Every structure is written in C-alpha cells, then in structure tokens.
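This report describes the architecture, the largest pocket, the salt bridges and a surface patch of one protein model. The sequence and the model are shown first.

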Amino acid sequence: MDASDTRWSNLAADLDALAEAQEAAETDAVVAELTRAEHAATGLASRLRAAIGVAVAVDLPDGEPVRGVVGDAAGTWLLLEAAARSPERHLVPLAAIDGVSGLGAGSVPAPRREIAMTTLLRDLQRDRRTLLVRTRGQVYRGRIARVGADHLDLDVLDGRHREQRVVPFAALLCVSDAPPGMGP
C-alpha cells in the first residue's frame, strides 16, 4: 500500500468516525428531548405515588411543614402517615402544597379510577375522629359533621364552647389526627 492509499484509508476512517460521532450526538439529543417531554407531562401526584413508603417534608403556606411517610396520593390529595409508633396521619390537598423535600425523580401514572378527597373526608366523618383542621389562618380541633362538594362542616371542640365552622376546601391546608389526649 502506498502513501496515497494510506491517506485515502485514513480519510475514510476519519469520515466513518465523524459520522458515528454525529449519529451518537443526534441520538443523545433525541433522548434528552424525549426525557424533557416526559418530565413536562409528569404531575406532582405521579411523583408522590412513586414515593409511597418514603419519608418527606411538605411545606404549607402557613409556614408549618408536615412530615411523614407517603401513604397514598391522588390527583388532588396526599396522605402522609407518621413515623413509627405514631398513629397520626395527615390529609393534604395538593393545591395547598408549597413544596416537598425528599421526593425522588420517579413517577407512577394515575390508576384508572382514583379516590376523591371527599371520600376520605367522609370516612373521617363516619369514624367521628377528633381532628386538627388547618386552614390558611387557623387551626381547629373538632369532628367533621358534613362533607360537601367544595367544603366541610366542622363541629369545633375547644373545651369552652362548641360551634360549627364551614371550611371551604380552597382554604384547607391539612387535616390531621388530633394528638392523643386532645379530644373528647
């Protein structure tokens, strides 16, 4: 093989390497774009469903975070279970979440049929549990008397007197089990 043939072979090898590098770069760009598109279509509820069993901290607008293990999540709510040996649970509307610490990058699609937050609230009403209901400006201790389409009626139990409060879901930050010893 003479010098001319060697140059042509080297040129062909260089062109093949350049084509392979360009193809790899294009593939990487397509994968990155598909990944961005998938992330753009992923909702918070999907991220929370992927974190079931994971300890997280949820920031709420009143400045008091709620911590717990993700027990379940749907398109409009998150259920946090307290750490070991504590029966306390927190039902948080997704619209009330300012931020979440501890989530991974995974996501799980929504099931074909999700449980509505009103269903969970009606379960709490039926059980007559004493609850702490946090709104944007107050914390009430009481029992759910009624659950409407966009609000709940709460029988407030504060020791001095009893009253009924109507709490719109738009104002609701969190519904938690009242700590032991706090309720009648």
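## Structural report

The protein chain contains three helices and 10 strands. The model is a predicted one. Along the sequence, these elements follow the order α-α-β-β-β-β-β-α-β-β-β-β-β. The chain has 184 residues, and buried residues account for 33% of them.

**The largest pocket**

The largest pocket encloses about 180 Å³ of space. Its lining consists of 13 residues, and those closest to the centre of the pocket are L79, R89, L91, L120 and L124. At least two lining residues are supplied by each of strand 4 (89-93), helix 3 (117-127) and strand 10 (172-177). Helix 3 gives the largest share, with four residues. By chemical class, the lining divides into six nonpolar, five charged and two polar residues.

**Salt bridges**

Across the whole structure, a search finds seven salt bridges. Three of the pairs are listed below with their N to O distances.

| Side-chain pair | Distance, N to O |
|---|---|
| D62 and R134 | 2.7 Å |
| R129 and D177 | 3.1 Å |
| R146 and D153 | 2.7 Å |

The salt bridge between D62 and R134 has an N to O distance of 2.7 Å. D62 is placed in the loop between strand 1 (55-59) and strand 2 (66-73), whereas R134 belongs to strand 6 (residues 131-135), so this pair ties together parts that are 72 residues apart in sequence. D62 has a relative accessibility of 29% and therefore counts as partly exposed. R134, by contrast, is buried, with a relative accessible area of 12%.

R129 and D177 meet through their side chains at 3.1 Å, N to O. This pair also links distant parts of the chain: R129 lies in the loop between helix 3 and strand 6, D177 lies in strand 10, and 48 residues separate them. The relative accessible area of R129 is 28%, which means that R129 is partly exposed. D177 is buried, because its relative accessible area is 7%, and the threshold for burial is under 20%.

In the third pair, the side chains of R146 and D153 form a salt bridge at 2.7 Å, N to O. R146 counts as partly exposed at 45% relative accessibility, while D153 counts as buried at 8%. Beyond individual pairs, R89, R129 and D177 are joined into one network by salt bridges that share partners. R89 is also among the lining residues closest to the centre of the largest pocket.

**Backbone at R128**

Which sign does the phi of R128 have? The value is positive, near 55°, in a residue other than glycine. Most residues other than glycine have a negative phi. R128 occupies a place in the loop between helix 3 and strand 6, and R129 is found in that loop as well. With a relative accessibility of 42%, R128 counts as partly exposed.

**Nonpolar surface patch**

Which residues form a nonpolar patch on the surface? The patch is formed by W8, L11, L15 and L18, and together these residues have about 460 Å² of accessible area. One of them, L15, is located in helix 1 (residues 3-40).

Terms used. Residues numbered from 1 in each chain as written. Predicted model: local features only at pLDDT ≥ 70, side-chain atom pairs only at ≥ 80, totals over all residues. Heavy atoms only, no water. Patch = residues over 30% accessible without salt bridge, like charges linked within 9 Å, V, L, I, M, F, W, Y side chains within 5 Å. Areas by Shrake-Rupley, 256 points an atom, 1.4 Å probe, with all protein chains shown as cover. Salt bridge = Lys/Arg side-chain N within 4 Å of Asp/Glu carboxyl O. 1 Å grid on protein atoms, 1.4 Å probe; cavity = no way out; pocket = protein on both sides within 12 Å on 5 of 7 lines; lining within 4 Å. Points joined across faces, edges and corners; volume = space filled by probe spheres on them. Nonpolar A, V, L, I, M, F, W, Y, C, P; charged D, E, K, R; others polar. Buried < 20%, exposed > 50% of the residue type's maximum accessible area, 1.4 Å probe, protein only.
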